[in-house]
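Work through the following exercises with the sequence and the model side by side, and attempt each task before reading its solution.

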Amino acid sequence: MNSFIEKVDFFKGNSVESIVKEYGTPLYVYNEDILRDRMHNVSQIITKYEFHSNYSIKANTNFTILKTALSEGLYADAMSTGEMMMLLKAGFPAEKIFFVSNNVGADELQFAIDNNIMVSLDSLSQLELFGSLNKGGKCAVRINPGVGAGHHEKVVTAGKKTKFAVAEEDIDKIFEIADKYDLKIAGINQHVGSLFMDPEPFLQAVKNFLRIAKKFENLEFIDFGGGYGIPYHKLDDEQDFPMESFKAEFEKLIDEFVAEYGYAPLFKTEPGRYCVAESCVLLGRVHSTKQNSGVKYVGTDVGMNVLVRPSMYDSWHDIEIIRDDKVVSRDNLVEQTVTGNICESGDLLAKNRMLPESKVGDIAAVLDAGAYGYAMCSSYNSRPRPAEVMICSDGSVKLIRRRETFDDLFRLFEV
Ligand SMILES: Cc1ncc(COP(=O)(O)O)c(C=O)c1O
């Protein structure tokens, strides 16, 4: 593909130069149509049984995005008190929120209990803690299905090498603790890892998880977790996650389970990245170019404080170059290393990448930046966090988070 931005008319006819003139760079720009399309897709993964798709808001907690998820019929996963509060503020009723906790203190569990939010406990000791706070209550337990999947070892969250979940061999202990505190184990959940393009390991985990589920009586819900991938190499024609064939395989496994279990509990999934990643292009300005020991460096204002994924996970984001408001053709490519403006040698957006030859003043448009982009931003090097705008379905451009100011950096101090 020569240009994703042109193919989908990402900016809906708006001038990129006018947008950055008004809102500055770096700038996260979302496209409402793409966002709604992906959110709709995940709401339809299972249609034969009662099914909830919980948007995993750790991927992106912008209020406008949360409200869009609500309007698309999604439920939501929270990982912290802050995320539960964001969801409540965005208008999610407590019954649409699932708190997938990990190593939390009594205060976080108490917040969920006080607000009638369903909690998943991630270890036997956390189940004990929950039981002591909420005798006779209801909760879920996160189980390790024994199989992991993901794009990097740092995002594989099941299998043998992970801090997450309770192992299958400890299930009897779950029942003992539940008896002790008169707890109802209403549901079980898993999350095997993030960003798989091949559904096979996930389906394998589902199969194993459903075998384990039969050890629990009277389950109200079974939650399979998230992790559905998106094509980060779309300019090289990487294909989309095969949602249609995946759905058919997934449903077959659920059919078999329901036949044996005797009824269908509510089924859930927890996609984060799939909902938001492709709906966002991050715009940065090229401020310098130079040649160091034979490497051509392109210096932008998209530092690791703005998008940390490439530095943290060696993640790939396609980059398009915009000059004079037009996407530069990819017919002639030159090897370049795109960096940010942070004082770290690991501050690399793209290493040895074939791109149109960049010039000072160009705009670097970083694709697929909507998931774990702004959510992982920091003000490292005392750089205020960027703004976010939405290209709405009617073509209008709306500011959905203002840029941080220097005063915002000082606000926690007495200065
Ligand atoms: C428990 C849990 N659920 C859901 C997700 C969402 O994963 P993804 O954004 O890959 O769909 C994560 C992400 O790590 C997670 O930890």
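**Exercise 1.** Determine which residues Ala213 touches, not counting residues up to four places away in sequence, and decide whether Ala213 is buried or exposed.

Solution. The model is a predicted one. Begin with the contacts: once residues up to four places away are set aside, Ala213 touches Ile188, Leu219, Ile222 and Phe257. Next, place the residue in its element, which is helix H9, spanning residues 200-213. Then apply the cut-off, under which a residue is buried if 20 or more other C-beta atoms lie within 10 Å of its own; because Ala213 has 20 C-beta neighbours inside 10 Å, Ala213 counts as buried. Finally, take the separation from Ile391, which is 178 residues away along the chain: the two C-alpha atoms are 43 Å apart.

**Exercise 2.** Establish in what order the eight strands close into a barrel, and find which residue in E3 stands opposite Tyr55.

Solution. Following the pairing around the barrel gives the order E2-E3-E4-E5-E6-E7-E8-E9, with parallel pairing. In this sheet, neighbouring strands are turned by 30° against each other on average, with direction ignored. Turning to one pair, strand E2 (residues 51-56) runs parallel to strand E3 (residues 75-78), and three bridges join them. Within E3, the residue opposite Tyr55 is Ala76.

**Exercise 3.** Identify which residues touch the most other members of the largest nonpolar core.

Solution. Among the 105 residues of this core, those residues are Ala76, Phe99, Val119, Val281 and Val366. The core draws at least three residues from each of domain 1 (4-29 + 277-410) and domain 2 (32-276). For Val366, leaving aside neighbours within four places in sequence, the contacts include Val281, Leu282, Gly284 and Val302.

Note on methods: Residues numbered from 1 in each chain as written. Predicted model: local features only at pLDDT ≥ 70, side-chain atom pairs only at ≥ 80, totals over all residues. Pairing = 2+ DSSP bridges. Helix = DSSP H or I, 4+ residues; strand = E, 2+ residues; numbered from the N terminus. Axes fitted to C-alpha atoms, helices over the stretch in contact; angles between N-to-C directions. Buried ≥ 20, exposed ≤ 12 C-beta atoms within 10 Å, placed from the backbone. Contact = placed C-beta atoms within 7 Å. Core = buried A, V, L, I, M, F, W, Y, C linked by C-beta atoms within 7 Å. Domains from an automatic or database assignment.
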